[in-house]
Amino acid sequence: MNTIHVTASNSYDVLVGAGLLDKAGEYAAALTHAACAAVVSDNTVFPLYGETVCQSLRAAGLRVVSFVFPHGERSKNIGTFSQILNFLAENRLARTDLVVALGGGVVGDVTGFASACYLRGVAYIQIPTTLLAAVDSSVGGKTAIDLPAGKNLAGSFYQPRLVLCDTDTLASLPDGVFADGCAEVVKYAMYGNAPFFEELRQNGVKNQLSHVISTCVSMKRDVVCADEFDRGGRQILNFGHTFGHAVERCSDYTVPHGSAVAIGMVMISRAAVKRGLCGASVLDALLALLRALGLPTETAFSASELLDAACRDKKIAGGRLNLIVPRAVGRCEIMPIDTAGLSAWLRDGGAK
């Protein structure tokens with residue numbers, strides 16, 4: 001098992017290894033004085049792992065209640081958020097009790113936000129069951145829900161007390177869901193780790209899961225510790241996300257997050273090549289790796305459609321937006337632009 005310690009406003013460990021679900025109760029009891037644990041999950045994950053986690057928590061002496069909602073991005077909304085809050089209140093969870101987010105990124109995001117708001121903050125732990133959640137969304141304290149106007153427009157920075165990445169859960173993922181997580185893995189390599197990029201090119205992801213997850217979490221830990229509240233350097237983690245979020249929204253979230261980020265990384269890299277900011281070999285290497293991992297690299301949405309969605313980005317301030325632009329494999333930079341120039345970037349990225 002690997003342990004990565006995150007030092008933030010609330011410091012915690014991320015544990016990476018096999019067989020961690022069975023020990024969830026043991027870890028929870030050691031961390032908190034909770035008498036009750038509320039397990040929040042979705043209707044895909046809970047039938048697979050819910051009873052294992054609940055039984056582990058009961059064995060540690062906790063009263064356990066569970067809330068299960070429909071899977072998918074469409075559930076990451078104010079309705080689900082409200083239902084979780086009401087569930088916690090109806091089951092009389094105290095401020096000293098514990099919430100457990102069991103699932104992928106949607107479960108982690110909405111559960112974390114509810115935990116931040118219930119009784120002005122109750123402890124929660126993340127148990128990610130997708131690759132995407134394990135390497136990215138479960139770590140760093142960003143919690144959110146989507147609004148009709150855009151993605152992640154309501155939320156808070158609220159760190160978990162613990163993250164348990166049980167690599168055994170990834171064996172149950174459909175190929176498409178696993179590939180979706182690979183996009184975030186490639187993002188880490190592209191923005192700051194050329195040797196890691198080469199490892200992915202040579203060995204893929206499935207053959208080195210613990211190493212891949214630990215590498216990504218360690219990289220995110222370093223960025224988060226330096227800029228927990230996303231005011232500067234943490235924005236480097238958004239490589240591929242500005243255009244990727246636009247693709248998600250234009251598709252009404254039928255294109256999953258990782259696939260959209262893969263498309264977004266290609267678009268910003270293609271635009272960077274066209275503008276002489278990086279060499280064509282960078283784009284070629286990115287395309288080859290994404291395709292080898294089973295990820296899409298193109299979108300049919302027009303520049304005007306993507307522009308409307310991108311202009312709803314929560315990071316726009318004073319008519320300016322930071323794009324994360326590749327300069328080489330393993331090196332990106334934050335580039336502020338006026339939103340008036342965003343359409344040209346989209347067209348240079350291949351949108352018609």
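# A guided tour by selection

Begin by selecting Y253, which is buried, with a relative accessible area of 18% (buried means under 20% relative accessible area, exposed over 50%, and partly exposed in between, with a 1.4 Å probe and protein chains only). Y253 lies in the loop between α9 and α10, where helices (H or I, at least four residues) and strands (E, at least two) are DSSP runs numbered from the N terminus. This is a predicted model, in which local features need pLDDT of at least 70 and side-chain atom pairs count only at pLDDT 80 or more, while totals for chains, interfaces and linings use all residues. Residues are numbered from 1 along each chain as its sequence is written, and side-chain values use heavy atoms, with hydrogens and water left out.

**Backbone around Y253**

With Y253 still selected, read its phi, which is near 65 degrees, a positive value in a residue other than glycine. Most residues other than glycine have a negative phi. Add D252 to the selection: this residue follows α9 and also has a positive phi, near 55 degrees.

**Helix α9 and its partner α12**

Next select α9, residues 241-250. Of its 10 residues 8 are buried, so α9 is largely enclosed by the rest of the structure; the buried ones are H241, T242, F243, G244, H245, A246, V247 and E248. Showing the surroundings brings up the elements against which these buried residues pack, namely β8, α6 (175-192), α10 (257-274), α12, β10 (320-328) and α13 (342-348).

Now keep α9 and add α12, residues 303-310: the two helices pack at an angle of about 105 degrees, with their axes 8 Å apart (axes are lines fitted to C-alpha atoms, for helices over the stretch in contact, and angles run from 0 to 180 degrees between N-to-C directions). That makes α9 roughly perpendicular to α12, a label given to angles of 65 to 115 degrees, whereas those under 35 count as roughly parallel, those over 145 as roughly antiparallel and the rest as oblique. To see the side chains involved, select A246, V247, R249 and C250 in α9, which meet E305, L306, A309 and A310 in α12, contact meaning heavy atoms within 4.5 Å. The residues of this contact divide into 6 nonpolar, no polar and 2 charged (Ala, Val, Leu, Ile, Met, Phe, Trp, Tyr, Cys and Pro count as nonpolar, Asp, Glu, Lys and Arg as charged, and the others, Gly among them, as polar).

From here move to S259 in helix α10, which counts as buried at 12% relative accessibility. Not counting residues up to four places away in sequence, S259 touches D180, L295 and P296.

**Strand β8 and the loop after it**

Select N152, which is placed in strand β8 and, at 16% relative accessibility, counts as buried. Its phi is near 60 degrees, again a positive value in a residue other than glycine.

Then go to Y158, in the loop between β8 (150-157) and β9 (162-166); at 21% relative accessibility this residue counts as partly exposed. Leaving aside neighbours within four places in sequence, Y158 is in contact with G112, S115, A116, G121, V122, A123, Y124, G141 and T143. For one of these, Y124, the C-alpha atom is 9.5 Å from that of Y158, although their positions lie 34 residues apart along the chain.

**Helix α2 and strand β4**

Select residues 46-59, the 14 residues of helix α2, which at 1.5 Å a residue should span 20 Å; the end C-alpha atoms are 18 Å apart, which agrees (the expected span is 1.5 Å times one less than the number of residues). Colour F46, Y49, G50, V53, C54, S56 and L57, the buried residues of α2. They cover an arc of only 160 degrees around the axis, which puts them on the same side of α2, the arc being that of the directions from the helix axis to the C-beta atoms. What covers them includes α1 (24-31), β3 (36-42), β4 (63-69), β5 (98-103) and β6 (123-128), while the face turned away from the buried side carries the exposed residues P47 and A59. Just after α2, G61 takes a positive phi of about 95 degrees.

Finish at S66 in strand β4, which is partly exposed, with a relative accessible area of 33%. Leaving aside neighbours within four places in sequence, S66 is in contact with V39, F46 and F87, and its C-alpha atom is separated from that of F46 by 9.2 Å.
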